[in-house]
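This report describes the fold of one protein chain, passing from single residues to the helices, the hairpin and the charged pairs. The reader is invited to keep the sequence and the model in view while reading.

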Amino acid sequence: MWIPIQINENSAEPLYHQIETQLRSLIISGVIAEGTLLPSIREFAGDLNCSVITVRRVYQDLEGEGMLRTRQGTGTFVSHVGDAAREDYKRDAVTKALEAAVDLARSVHSSEVELKGIFQEIVERKYKDQG
């Protein structure tokens, strides 16, 4: 199974974190459905051109969060993710992104009014494009 993960080798963000964040998002959003058998650690590491240790860490972290389950001799599967977990993840992800945007706006001395105007323009444009 091919998993659409984009790695940015120029990013300051650790590789395992890039993979984990994207895989978590794919699971939470339902792009990778409950019960889906994920590639083996070795296979996934080969697909991503990274270390087996990196993928093992991602799988272990997500298993610890209850998003994955591993069956000895069978493989690693996507677990059931409830609606509450989906909503929590969505809210957390959006909150973090908006906080980063506000921090950036403040660092370049944008006023609150300017930031709200920019945000409103972006929301209107993006939702209009969505149709």
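## Two buried loop residues

Ser79 counts as buried, because its relative accessibility is 11% and the cut-off for a buried residue is under 20%. The model in which this value was computed is a predicted one. Ser79 is found in the loop between S2 and H4. Its side chain reaches the backbone oxygen of Gly66 at 3.4 Å. When neighbours within four places in sequence are left aside, Ser79 is in contact with Glu34, Gly66, Met67, Leu68 and Arg69.

A second loop residue may be described in a similar way. Thr36 is found in the loop between H1 and H2. With a relative accessibility of 19%, Thr36 also counts as buried, since the cut-off is under 20%. The side chain of Thr36 reaches the backbone oxygen of Ala33 at 2.6 Å. Which residues does Thr36 contact, leaving aside its neighbours within four places in sequence? They are Met1, Thr76, Phe77 and Val78. Thr36 and Thr76 are 40 residues apart along the chain, yet their C-alpha atoms are separated by 8.4 Å.

## The hairpin

Strand S1 comprises residues 68–71 and strand S2 residues 75–78; the two run antiparallel and are joined by 4 bridges. Within this pairing, Arg71 stands opposite Gly75 in S2. S1 and S2 form a hairpin, with 3 residues between them. In the turn, Gly73 has a positive phi of about 80°. As a general point, the side chains of a regular strand alternate between the two faces of the sheet.

## Helix H1 and the nonpolar core

How does the length of H1 agree with the span expected of a helix? At 1.5 Å a residue, the 14 residues of H1 should span 20 Å, and the end C-alpha atoms of H1 are 20 Å apart, which agrees. After H1 comes Gly30, whose phi is positive, near 85°.

The buried residues of H1 are Gln18, Ile19, Glu20, Leu23, Arg24, Leu26, Ile27 and Ile28. These buried residues pack against H2, H3, S1, S2 and H4. In an α-helix there are 3.6 residues a turn, so residues three or four places apart point the same way.

The largest nonpolar core has 22 residues, of which Ile3, Ile5, Leu23, Leu38, Phe44 and Tyr59 touch the most other members. H1, H2 and H3 are the elements that give two or more residues to this core. H1 gives the most, with 5 residues. One of the well-connected members, Ile5, touches Ile19, Gln22, Leu23, Leu26, Phe44 and Leu48, not counting residues up to four places away in sequence.

## Salt bridges

Side chains of opposite charge can pair when their charged atoms come close. How many salt bridges does the structure hold? The structure holds 5 salt bridges, and the table lists three pairs with the distance between their closest N and O atoms.

| Acidic residue | Basic residue | N to O distance |
|---|---|---|
| Glu20 | Arg24 | 2.7 Å |
| Glu65 | Arg24 | 2.7 Å |
| Glu112 | Lys116 | 2.9 Å |

Glu20 and Arg24 are 4 residues apart in helix H1 (residues 15–28), which means that about one helical turn separates them. Both Glu20 and Arg24 are buried. For Arg24 the relative accessible area is 12%. Arg24 also forms a salt bridge with Glu65. Glu65 lies in the loop between helix H3 and S1, whereas Arg24 is in helix H1, so this pair ties together parts that are 41 residues apart in sequence. Glu65 is partly exposed, with a relative accessible area of 41%.

Glu112 and Lys116 are likewise 4 residues apart, in helix H5 (residues 112–130), and are therefore separated by about one helical turn. Are Glu112 and Lys116 buried or exposed? Both are exposed. Elsewhere, Glu20, Arg24 and Glu65 are joined into one network by salt bridges that share partners.

Conventions. Residues are numbered from 1 along each chain as its sequence is written. This is a predicted model: local features need pLDDT of at least 70, side-chain atom pairs count only at pLDDT 80 or more; totals for chains, interfaces and linings use all residues. Side-chain values use heavy atoms; hydrogens and water are left out. Two strands pair if DSSP finds at least two bridges between them. A salt bridge is a side-chain nitrogen of Lys or Arg within 4 Å of a carboxyl oxygen of Asp or Glu. Buried means under 20% relative accessible area, exposed over 50%, partly exposed in between (1.4 Å probe, protein chains only). The expected span of a helix is 1.5 Å times one less than its number of residues. Contact means heavy atoms within 4.5 Å. A nonpolar core is a set of buried Ala, Val, Leu, Ile, Met, Phe, Trp, Tyr and Cys residues joined through side-chain atoms within 4.5 Å. A polar contact is a pair of N or O atoms within 3.5 Å; within protein, one must be able to donate a hydrogen and the other to accept it, and residues adjacent in sequence count only if both atoms are side-chain atoms.
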